[in-house]
Amino acid sequence: MKSIKMRRLIKWIFISAGLGFLISLGFLTFVFFSVSGLFDPFHSYQELLDNYKSRTREIYELRDYINSIVSDDKNVDIEFENNKTLAYFHIVDDGKYYSNWDLKIKSGKVDTLLQILGWTNETLKTLNGKLNDANCISIAKGNPCKIGFQRSGMGMYFYNLFDKPIPDSLMNNYNDSCTYILFNRKVVFEYGGGVLGPQCFPDFKH
């Protein structure tokens with residue numbers, strides 16, 4: 001009798017351990033796919049191209065706006081996750097680099113960054129509105145001005161807008177059909193690969 005009970009006990013111990021292992025494995029798998037971006041929406045080169053063609057005016061208005069609100073001694077690279085959260089808000093102020101990730105827009109940290117730039121909450125709201133008008137999510141001031149179209153899995157699509165035509169000496173650099181695709185001599189499309197997934201434009205056809 002004791003032997004039967006012991007066998008049943010051992011059986012349930014193994015079953016419980018097996019179920020615990022499967023649950024843990026499922027949880028770890030879910031975490032991996034969430035962190036890796038494989039649950040995130042995917043976009044395409046064609047969407048990048050179509051958005052540029054349909055929203056050219058809005059994209060350049062966005063570029064002009066960031067240039068008008070950032071002084072020459074500063075730089076900004078910012079991505080809006082939604083109306084309440086910034087994925088990042090990086091600033092260069094007089095040669096000093098401030099790296100800031102995952103910030104609530106209504107927070108003391110963001111208020112401090114706005115003061116450094118001479119911005120107000122209304123400035124940030126206007127910038128977000130212009131990004132939405134362009135159907136984009138990020139912008140980095142500079143030459144080229146780098147505008148993030150959309151994230152795609154762990155990668156991301158960008159527009160690089162140059163102030164002047166790209167010189168012949170740099171043409172090959174910005175037309176490798178992997179990271180960069182030359183649209184014209186002042187506009188270059190870019191795909192930035194993530195830790196996992198494609199490192200080049202995943203669906204570009206020559």
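These exercises work through a predicted model of one chain.

Local features need pLDDT of at least 70, side-chain atom pairs count only at pLDDT 80 or more, and totals for chains, interfaces and linings use all residues. Residues are numbered from 1 along each chain as its sequence is written, and side-chain values use heavy atoms, with hydrogens and water left out.

**Exercise 1. Outline the chain.**

Task: State how many helices and strands the chain has, and what share of its residues is buried.

Solution:
- Step 1. The chain has 5 helices and 9 strands. Helices (H or I, at least four residues) and strands (E, at least two) are DSSP runs, numbered from the N terminus.
- Step 2. From the N terminus, the elements run α-α-α-β-β-β-β-α-α-β-β-β-β-β.
- Step 3. Of the 206 residues, 37% are buried. Buried means under 20% relative accessible area, exposed over 50%, and partly exposed in between (1.4 Å probe, protein chains only).
- Step 4. Take contacts between residues at least 6 apart in sequence: 48% of them join residues at least 24 apart. Contact means heavy atoms within 4.5 Å.

**Exercise 2. Describe the packing of H3 on H5.**

Task: Find the angle between helices H3 and H5, and sort the residues of their contact by type.

Solution:
- Step 1. H3 spans residues 56-69 and H5 spans residues 121-133. Their angle is about 160°, and their axes are 8 Å apart. Axes are lines fitted to C-alpha atoms, for helices over the stretch in contact; angles run from 0 to 180 degrees between N-to-C directions.
- Step 2. H3 is therefore roughly antiparallel to H5. Angles under 35 degrees count as roughly parallel, over 145 as roughly antiparallel, 65 to 115 as roughly perpendicular and the rest as oblique.
- Step 3. From H3, the contact takes in Glu58, Glu61, Leu62, Tyr65, Ile66 and Ile69. From H5, it takes in Thr123, Thr126, Leu127, Lys130, Leu131 and Asp133.
- Step 4. These residues divide into 6 nonpolar, 2 polar and 4 charged. Ala, Val, Leu, Ile, Met, Phe, Trp, Tyr, Cys and Pro count as nonpolar, Asp, Glu, Lys and Arg as charged, and the others, Gly among them, as polar.

**Exercise 3. Place Phe149.**

Task: Is Phe149 buried or exposed, and which residues does it touch?

Solution:
- Step 1. Phe149 sits in strand S6 (residues 145-152).
- Step 2. Its relative accessibility is 2%, so Phe149 counts as buried.
- Step 3. Leave out residues up to four places away in sequence. Phe149 then touches Glu47, Leu48, Asn51, Asn135, Cys136, Ile137, Tyr157, Phe158 and Tyr159.
- Step 4. Cys136 is 13 residues from Phe149 along the chain, and their C-alpha atoms are separated by 4.3 Å.

**Exercise 4. Check the backbone.**

Task: Say where Asp102, Asn135 and Pro144 are found, then describe their backbone geometry.

Solution:
- Step 1. Most residues other than glycine have a negative phi, and most peptide bonds are trans.
- Step 2. Asp102 is in strand S4 (residues 101-104). Its phi is positive, about 50°, although Asp102 is not a glycine. Asp102 is exposed because its relative accessibility is 58%.
- Step 3. Asn135 is in the loop between H5 and S5. Its phi is also positive, about 60°. At 29% relative accessibility, Asn135 is partly exposed.
- Step 4. Pro144 is in the loop between strand S5 (138-140) and S6. A cis peptide bond joins Asn143 and Pro144, with omega about 10°.
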